[in-house]
Amino acid sequence: MRCAAKLNSGVCVAERAMTDGGVRIYPLIRPLAFGLDAERAHRFTIGALKLSPARGPRRFPSVLNSKVAGLDFASPVGLAAGFDKDAEVPLQMLGLGFGFVEVGTVTPRPQDGNPRPRLFRLRKDDAVINRMGFNNEGQPAAFARLMRCGRHPGIVGVNIGANKDSGDRVADYAEGVRAMSPVASYLTINISSPNTPGLRQLQDEGALKALLSAVNQARPKGGPPIFLKVAPDLGEGEPDQIVRAAIHYGIDAIIVANTTVSRPGLKSTQSGESGGLSGAPLKRLALKALRDFRAASGGEIPLIGVGGIADADDAWERIRAGASLVQLYTAMVYQGPGIAWRIAHGLAERVRRAGFANIAEAVGTE
Ligand SMILES: Cc1cc2nc3c(=O)[nH]c(=O)nc-3n(C[C@H](O)[C@H](O)[C@H](O)COP(=O)(O)O)c2cc1C
């Protein structure tokens, strides 16, 4: 990939601005980004990343290498869905130190999403509220971009959803499985976004079974593993039902969790905005949900912990609570993209300190 602007050292300006390049420069550029409306700042960031080299995956300490759902992860710290919705910069994000990247949510047909403003930073809470509503350019556009990435050793998952105006949402997921399997390291069935009315009802037992059965039938032979992403706002007994259905229909891992519709003790003025809440205030809820899923599954299906992870201690806590992998998004908004690399190295240190030979040995040991 071409780099438009270079420093004297030959290092791409955008790349230096985005990575910490040995110096912590994100705190310096953060006020500029935060001076912009949140969605503009996001588009600016994606634009800057597109100008930087598509390096692909980094090397990590071998204690972090693990196999989950048949895939070889170099680091367990991934980028959660929603940052790179249209698969514009997956290789750049791997190059910044994420062990895997999940693009999407992509729907079969392009859609605009909800009217703006629809993305809000809650600075006093280290949080974000979004009601984007699956704005995306559609699966064919993401497919073409992922094809252009060519062969590379990185793990790029594709998160799929249903169009808001779809007459048959289950058919949309089946179509997504068929369409995106050839370019995905794994697929995520996202039925937990609070911003598409009625979508989360697909988590209800009967609807979930019908959906997972259709997804299973749509799976191509030898296709990628399929993950299921759930909400943190489930009722009693729901984790059990979901785990049983997921195992029955051959789901390979469960991602716990998406954003919450609850509003736990927020201080920021924009805390009354509707949409999904992510970041620090989600941490406790997402950890509890993970523990519920671990208790329900007893380790029978791998879990991926996400929600409010901001440092190596948070990631380590999630792994000890039963997550084989973790993902994050909102903490990167506040700390910059060097966060994945820092957390990975913090985790490697904790693995060694605890006397484990490999991170996989630490999963579920709390
Ligand atoms: C702006 C924004 C957009 C998101 N879009 C999606 C999405 O399209 N699909 C999805 O599965 N999750 C989406 N998420 C949820 C994240 O993937 C993640 O589950 C959630 O933010 C909790 O993690 P965090 O606290 O580290 O951000 C989005 C989150 C944010 C903040």
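Select Tyr 329 together with the ligand in this predicted model, and look for the ligand oxygen atom that lies 3.0 Å from a polar backbone atom of Tyr 329. Moving on to Thr 330, you will find a ligand oxygen atom 2.6 Å from an N or O atom in the side chain of that residue, while at Gly 279 the partner is again a polar backbone atom, with a ligand oxygen atom 2.9 Å away. If you now compute the surface of the ligand, it exposes 610 Å² when taken alone, and the protein buries 97% of that area.

Next, display the whole shell of 24 residues around the ligand, in which Ala 81, Thr 105, Lys 229, Gly 308 and Thr 330 come nearest. Colouring this shell by class gives nine nonpolar, 13 polar and two charged residues, and the elements contributing two or more residues to it are β4 (100-106), β6 (127-130) and β11 (276-279).

Then hide the side chains and follow the strands: eight of them close into a barrel with parallel pairing, in the order β3-β4-β7-β8-β9-β10-β12-β13, and neighbouring strands of this sheet are turned against each other by 30 degrees on average, direction ignored. For one pair in detail, select residues 226-230 (β9) and 253-256 (β10), which pair in the parallel sense over four bridges, with Phe 227 standing opposite Ala 253 of β10.

Finally, add two helices. Helix α10 (residues 312-320) lies across β12 (303-306) and β13 (323-328), and runs at about 145 degrees to β13, whereas helix α12 (residues 339-353) lies across β3 (77-79) and β13, at about 160 degrees to β3.

Conventions
Residues are numbered from 1 along each chain as its sequence is written. This is a predicted model: local features need pLDDT of at least 70, side-chain atom pairs count only at pLDDT 80 or more; totals for chains, interfaces and linings use all residues. Side-chain values use heavy atoms; hydrogens and water are left out. A residue is near a molecule or strand if one of its heavy atoms lies within 4 Å of it. A polar contact is a pair of N or O atoms within 3.5 Å; within protein, one must be able to donate a hydrogen and the other to accept it, and residues adjacent in sequence count only if both atoms are side-chain atoms. Accessible areas come from the Shrake-Rupley method with a 1.4 Å probe; for residues, only the protein chains shown count as cover. Ala, Val, Leu, Ile, Met, Phe, Trp, Tyr, Cys and Pro count as nonpolar, Asp, Glu, Lys and Arg as charged, and the others, Gly among them, as polar. Two strands pair if DSSP finds at least two bridges between them. Axes are lines fitted to C-alpha atoms, for helices over the stretch in contact, and angles run from 0 to 180 degrees between N-to-C directions. Contact means heavy atoms within 4.5 Å.
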